Amino acid sequence: MNKMKKRITLLVLVLALVVLLCSACNQSETDYLAELDQNSATYVQDYNAMSATVFAENTYRYTATIYTENLSNFDYENREMPTDKLDESQEERKKWAKTNVTYSFTRVGADCYVEMTVQEPVLDESGFPTFSDEKFKKPVYQEDTVMQLWSYSNGNVLLKVDGTTVYEGEKGGLSFAALEGAHRVLKYASDEFDLLSAYVGSPSTEGLFSVEQRKWFGKKILASQNYLVSNLAGNTESFRSSALASGYKEDLSFDWSRVSTVSTNTVCLTTKKNKLISFEYYNEIIGAYQKTATQIWNGETVTSWYGDRVFAEKSVFEIEYPSSKIAVEIPSV
Amino acid sequence: MDQSATLEKNLLTDKKYLKKKDYITFSMARFAAAAITGLTQGYLLIFYTSVLGISPVAVGVMFLVAKIFDGFNDPIMGTIVDKTRTKYGKMRPYLLFGAIPFGIITILLFLPITSMSSSLKIVYMYVTYILYGIIGTVVGVPLDGLPAVASPNTDERTKIVSISRVVGSIGEQSALVLYSLFAIFLSMKYSYMTMGIVIGILAPVFLILGGVAIKERVPSSKETPKILDGFKYLFQNKQFLAMILSNLLTFFRNLVSASIIYIVTYIYCNGSLNIAFALPGAIASMIGMLFAPKLKKIMDAKQLFIAATVFHSVALVVVFLVGFKVPWYATAALMFFAMLPVGILNVVPHLMAMDTLDYWEDKTDKRQEGVCFAIVSLRSKVSSAFKDFFLAYLLTYFLFATPLTTISDHSPWQMSFAQEGLFMIFTIIPAALNLLSIVPMIFYRLSGKKMAEIQQRLVVRRAEEFGDMFAEEEGGALVEAAEIVDSQETGCSDGAYESVLEETVAAETAQEIFRTASATESESCPSAENGAHVTKADKESEKTCDTEKDEGGNDDE
């Protein structure tokens, strides 16, 4: 039995050592931030290289799914969550909408042609989606709207919505924003004539939290995440420089009592054979809110602060490139 | 036959020692232990990654270390049980006094300690899981051994093992049912916490009831085999080695069941669908098990293993090609077919283990079930450790997003690469890598024909050994059966040697003789000492003494 006791003691000691070693295996904050700074530089290079591949093509098309979700009755001013679920007006009301966009781009010389089809859900007066099937939450969609834009080398453009000309003239005179009211699809258009380019933009390293690269059977994946903290005065800064954030990696935490919102963005680019095949953008707005509770033992009211998602967006672009054997042509007006 | 032997035989099979309540309470104890196992095996990984926000790599390393450690625990516990002497028996005290700690540790495993730092969470994870492994062994090893000592009546022992095993299989699925129910009303965090509390409170009650009700009536003199002897045997018996290596590599296919909870949560966005995927899979697996004996008649164990492995892989490839953008019920239906061969793949290795025992006995005149099944049990735990580690590694590789626990009930967006990765973990990755388990089978040479030859030699040898102990007609029947088998042309056709024995025997008569022979030698189960010449008589008797290894479910889980 002495031998058994020794063996058990040895096993326990080894295990204790393993546990201690493993708990010490975490990367230090200094090392983590140094690695992040190093990755930032290569991230910008890789991001630009990967995203430029699509815009260099003379023809491409993509489908985009844009999903947004908004907690409509979150009280930003008092920083309170709707809590009384018995009261219908106070029940958490999540507005959400899923829009589908298909887009094709063709360039011949200096002339371009863009065609965009938008499918939007039908919303009620309060801005909530309507469903054909309440149980399975199957939304009702409006009729597709088609935008066609011809841009010529002489600097003129022609814009049609559902076959009707809505603008013809100099490119500089075209304002999608001004026309948006009459043609809801134009809110998805951008000055670059390309929704994707508006999303892709330039890579941002502000508030960069992580950068990851992967390879998988010919695909290259680049993903990044950032955190930006907004204080009660409305100023936004990186979590690294904000006094309202502490810790790093999984231990990142915020002082919710002094935070207004925290925004986190995740961007993911995927290329295959050196061409961008997907672009994903994920955004969450975390709102700080308070909860008060009365302590039973002394009757005191205590306020605690938390953070929870109040807005979210998921936009996924899947890009295709027509075969080079097919002739690239701009359709006639 | 000798009159005293007849009398003893009658006493052993005719007198009933166990009452209905013994069957019920012991089965419920098995149900309770299996419920805890099912809960931890099925949901702990996703709890650590998706609720506590611990990095998958850290979780994977923990499982690897802790499960391998746990694998070596069993023989240590077996030795402790062997040396225990109390007025309650050798095994019941551990069940009675280990039940409440088992329940407490289950609750602690699923506590949502989200406010702790990541380092403290990792330490907490190690401490609680390793303690769970130790307490689980303290309770589990005696629980497995109790049927062997509960009754001298071999039929009763067989019955209580069979019934409790079936009830235990149902118990393993209880966490599945609970989660699917709780997920409708509660968030992920509180669903897991509530499951831990419910099972952690109820399980000790049934374990204690089982320990109180059942009595130890038969002194067990079986020695627990030493694990080092097991390794010696493993490297001596090359056929057993090939079989074990092949089975070790089957951990890849266990990725399928381990990833279901991730699929329903992050691809179909509905945790309640867990039951819609897991239960049909379990039913399909059981159907496969029922077909195994029939299929065994037309092909030998090796062919059956290879055929089932290939079928499983092909079916998973089909599911992968269909993709996950189809409705969930289409994927669930396809998975039902993919899981049909899994039942066969659970049963066949045990049949092969028995064949390797026969092979070794034929070669060396030694039969070493104790060490054989000790290694089989260790293999099962090591496979489970590798499975969890590999799954955790894949989650990290596919950029699975873990929550930031400072945000209440945070469920981050999963990128397309992560979703596609999860689906590949569920389908094409196990489909491809599971085929590796066929490679060691190249070196496994115990085909149906070879086993028929081995069986012929063993039957003759055993008949010669026991034939003269009994009246000529009974011993003569056995010898006659052996002669008939021996006279068959060039051995039996592949896979049919068993049916030949069944046709001409007295196989039952032979078994009856063996059981009686061993019972007259010793009042208790014979000792399966390492290196001892333990014959088929001992083997048959030991089968009812030792709890058989679980052939009713996935023993890697």
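Trainee: Which residues make the nonpolar surface patch of about 510 Å²?

Mentor: In this predicted model, B:L181, B:I184, B:F185, B:L186 and B:Y190 make the patch. Helix α7 (residues 174-185) of chain B gives the largest share, three residues. B:L186 sits in the loop between α7 and α8 (188-213).

Trainee: Why is B:L186 called partly exposed?

Mentor: The relative accessible area of B:L186 is 34%. Partly exposed covers the range between under 20%, which is buried, and over 50%, which is exposed, so B:L186 is partly exposed. A patch residue needs over 30%, and B:L186 has 34%.

Trainee: What makes B:S259 buried?

Mentor: Its relative accessible area is 2%, and buried means under 20%, so B:S259 is buried. B:S259 belongs to helix α11 (residues 255-266) of chain B. Residues up to four places away in sequence aside, B:S259 touches B:I425 and B:F426.

Trainee: Why is helix α16 (residues 416-426) of chain B described as largely enclosed by the rest of the structure?

Mentor: Because 10 of its 11 residues are buried. Among them are B:F417, B:L422, B:I425 and B:F426.

Trainee: What makes B:I36 buried, and which residues is B:I36 in contact with beyond its neighbours within four places in sequence?

Mentor: B:I36 has a relative accessible area of 0%, and the limit for buried is under 20%, so B:I36 is buried. B:I36 lies in helix α2 (residues 20-50) of chain B. The contacts of B:I36 beyond four places in sequence are B:F102, B:T106, B:Y132, B:I199 and B:A203. B:T427 is 391 residues from B:I36 in sequence, and the two C-alpha atoms are 27 Å apart in space.

Trainee: How do you know that A:E318 and B:K325 form a salt bridge?

Mentor: The N to O distance is 3.9 Å. A salt bridge requires a side-chain nitrogen of Lys or Arg within 4 Å of a carboxyl oxygen of Asp or Glu, so the pair qualifies. A:E318 is in strand β16 (residues 301-320) of chain A and B:K325 is in the loop between α13 (301-322) and α14 (328-364) of chain B, so the pair joins two chains.

Trainee: Are the two partners, A:E318 and B:K325, partly exposed or exposed?

Mentor: A:E318 has 38% relative accessibility and is therefore partly exposed. B:K325 has 69%, and exposed means over 50%, so B:K325 is exposed.

Trainee: What makes B:D74 and B:K381 a salt bridge?

Mentor: Their closest N and O atoms are 3.2 Å apart, and the limit is within 4 Å, so they form one. The pair links distant parts of the chain, with B:D74 in helix α3 (residues 56-83), B:K381 in helix α15 (residues 369-397), and their positions 307 residues apart. At 19% B:D74 is buried, whereas B:K381 at 21% is partly exposed. The cut-off for buried is under 20%.

Trainee: What links B:R457 and B:D362?

Mentor: Their side chains meet in a salt bridge of 2.8 Å, N to O. B:R457 is in helix α18 (residues 448-466) and B:D362 is in helix α14 of chain B, 95 residues apart. B:R457 is partly exposed at 41%, and B:D362 is buried at 15%. Both residues belong to a network of salt bridges with B:D365 and B:R461. Over all chains, the whole structure has 23 salt bridges.

Trainee: Why is chain A called more spread out than a compact globule?

Mentor: Chain A has four helices and 16 strands. Its radius of gyration is 26 Å, well over the 20 Å that the globule rule gives for 333 residues, so chain A is more spread out than a compact globule. Its C-alpha atoms fill a box of roughly 90 × 50 × 40 Å along the principal axes. Of its residues, 40% count as buried.

Trainee: How many helices and strands does chain B have?

Mentor: Chain B has 22 helices and zero strands. Buried residues make up 58% of its 557 residues.

Trainee: What is the confidence in chain B, given as mean pLDDT?

Mentor: The mean pLDDT of chain B is 81, and 80% of its residues reach 70 or more. Over residues 470-479 the pLDDT is below 50, and that stretch has 13 contacts beyond near neighbours in sequence. Residues 481-557 also stay under 50, with 150 contacts beyond four places in sequence in the model. For the complex, the predictor gives an ipTM of 0.89 and a pTM of 0.84.

Methods: Residues are numbered from 1 along each chain as its sequence is written. Chains are lettered from A and ligands numbered from 1 in the order in which they are written. Side-chain values use heavy atoms; hydrogens and water are left out. Buried means under 20% relative accessible area, exposed over 50%, partly exposed in between (1.4 Å probe, protein chains only). Contact means heavy atoms within 4.5 Å. Patches are made of residues with over 30% relative accessible area and no salt bridge: like charges are joined within 9 Å, nonpolar side chains (Val, Leu, Ile, Met, Phe, Trp, Tyr) within 5 Å. Accessible areas come from the Shrake-Rupley method with a 1.4 Å probe; for residues, only the protein chains shown count as cover. pLDDT is the predictor's confidence in each residue, from 0 to 100. The radius of gyration is taken over C-alpha atoms; the globule rule is 2.2 Å times the number of residues to the power 0.38.
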